[in-house]
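The following exercises concern the contacts between protein chains and their surroundings. Please inspect the sequence and the coordinates before attempting each one.

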2 protein chains.
Amino acid sequence: MTFRDAKQLPDQIAQHLAEKIIHLELKPGQRIQEAKLAQELGVSRSPIREALHILNKQFLVDLLPRRGAVVSEFSEDFIGWLYDLLAVIYPLVARECANNFTKDDADQIQAVLKKMEECAQRSDHDKYYDYVFEYAATFMRAAKNMLAVQILMNLWPSKRRMEFATLYHRRNTLKDNLKYFKLGTKYFLAGNPDMADKALHDYILQERAIALELAREYNHLLTTHHLG
Amino acid sequence: MTFRDAKQLPDQIAQHLAEKIIHLELKPGQRIQEAKLAQELGVSRSPIREALHILNKQFLVDLLPRRGAVVSEFSEDFIGWLYDLLAVIYPLVARECANNFTKDDADQIQAVLKKMEECAQRSDHDKYYDYVFEYAATFMRAAKNMLAVQILMNLWPSKRRMEFATLYHRRNTLKDNLKYFKLGTKYFLAGNPDMADKALHDYILQERAIALELAREYNHLLTTHHLG
DNA sequence: GCATTGTTGATTGTCGACAATAATAGGCAC
DNA sequence: GTGCCTATTATTGTCGACAATCAACAATGC
């Protein structure tokens, strides 16, 4: 694999590692060794270190002084914390969106929503969640609170890891999920902040319940990888 | 100044720079040059770079690819964003605190509150806000949502910068401010999440209004330092 | 056999040097 | 004098090497 001759080396490395962490290829608690990685990727340790700082900002690794980086824990507790946070930040952003939506944003969100519906129709989970990201990206663009958006984008990889861990065990259909997006969108477009707020809040709490239920069942996927 | 022979070099440097940024010694928009700083502090650029990543995590500097680090903007917008965020995250943490407070926490918070009252009595703003931090630290310790706590701690320096910029122009007395803390504390101790939530929310919104009003008046303190 | 201590090996922390890139200044044509 | 192109300089990005530190293990004493 070649990481050279592209834009930002540390960003690429961070993204590469993020994918591995999200897909549980690198397990929670597992150590990430700089030298080994550097050799593996054919770069020096400097860009690796920067990448680890990026991942730390995204809550994907913990940086222990003089002990290096470890993939961050992914416990039931963490899932609860994550959704509790999203349950207050999403609505905050949603309110602003409802106040700021332009015609352009509206068209774009409608287009994404349509694609989501198609994926839901044929139960294509993987693609569906890609479009959920696109949906979120669009409505972040419409939001004015760049601080909240920045934090949400840093939380996103953790959310994706969670979704991946529970993706193939979900019992609720995508159509159930889609319902909330349709509802939220309706309130955005109508410029109704209160209802947009509520729709997003309900959505996250539903997701939270599902995630926790599945986490309890399949917690072997989440347990710490104690290193030897 | 000697930074050597202590714990974590990057942490120390980050804290050193954070103080300068908070006290507006380094102005919003101002560039931070690695080599210059390295020479100034008598260290190499490696720990400086790490420090800049830490400050970036705390929203105090922006890292522009191949253009280095600049002290992050500190506009009226930013102040609004910051308080809007705190207005939802503080209550979230407060709710949990109200459910988890131990006798130990209670004693500690009462002690801090008393010291705050003394400072308010003699209008010692500087010390007062130090104790506000201690208050916050205590109630974060009682909170269980470590993710929210982590984010709050990263937001704290920005809040302090804001407080510093408006500190000497505030018209409301510390006693007005203290009122909210007393109220919030009462609800924590009574184990009333809803009321604790509301007290914190009201507190932040009041702070927000004051900060924005002062920002509009004294925005010369906040304006960008365009580099030559 | 157990605890303590010293040694060794592995890994992160820091450094100075070089490469790549962006900002600046100067020269040239018009 | 103005605008564009080129050369120079300043600054960040990357590298390999060394120093400091930590973990594991062996040796020693009790």
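**Exercise 1.** What percentage of the interface residues of chain B are also interface residues in chain A?

*Solution.* The model is a predicted one. Within it, 17 residues of chain B are in contact with 17 residues of chain A, a contact being a pair of C-beta atoms within 7 Å. Of the interface residues of chain B, 100% are also interface residues in chain A, so the copies meet through the same surface.

**Exercise 2.** Determine how the two copies are related.

*Solution.* A turn of 180° with a shift of 0.0 Å along the axis lays chain B on chain A, and the RMSD is 0.0 Å. The copies are therefore related as by a two-fold rotation axis.

**Exercise 3.** Describe the side of chain B that touches chain A.

*Solution.* Begin again from the 17 residues of chain B in contact with chain A. At least two residues of this side are supplied by each of α3, α4 (76-100) and α7 (146-167) of chain B. The largest share, 8 residues, comes from α4(B). By residue class, the side divides into 12 nonpolar, 3 polar and 2 charged residues.

**Exercise 4.** Which residues come nearest to DNA strand C, and which helices contribute to the surface near this strand?

*Solution.* Among the 15 residues around DNA strand C, those that come nearest are A:G68, B:L9, B:V43, B:S44 and B:S46. Turning to the helices, α2 (34-41) of chain A and, from chain B, α1 (9-22) and α3 (45-57) each supply at least two residues of this surface. Its residues comprise 6 nonpolar, 4 polar and 5 charged.

Note on methods
Residues numbered from 1 in each chain as written. Chains lettered and ligands numbered in written order. Predicted model: local features only at pLDDT ≥ 70, side-chain atom pairs only at ≥ 80, totals over all residues. Near = placed C-beta within 6 Å. Helix = DSSP H or I, 4+ residues; strand = E, 2+ residues; numbered from the N terminus. Nonpolar A, V, L, I, M, F, W, Y, C, P; charged D, E, K, R; others polar. Least-squares fit on C-alpha atoms with pLDDT ≥ 70 in both. Contact = placed C-beta atoms within 7 Å.
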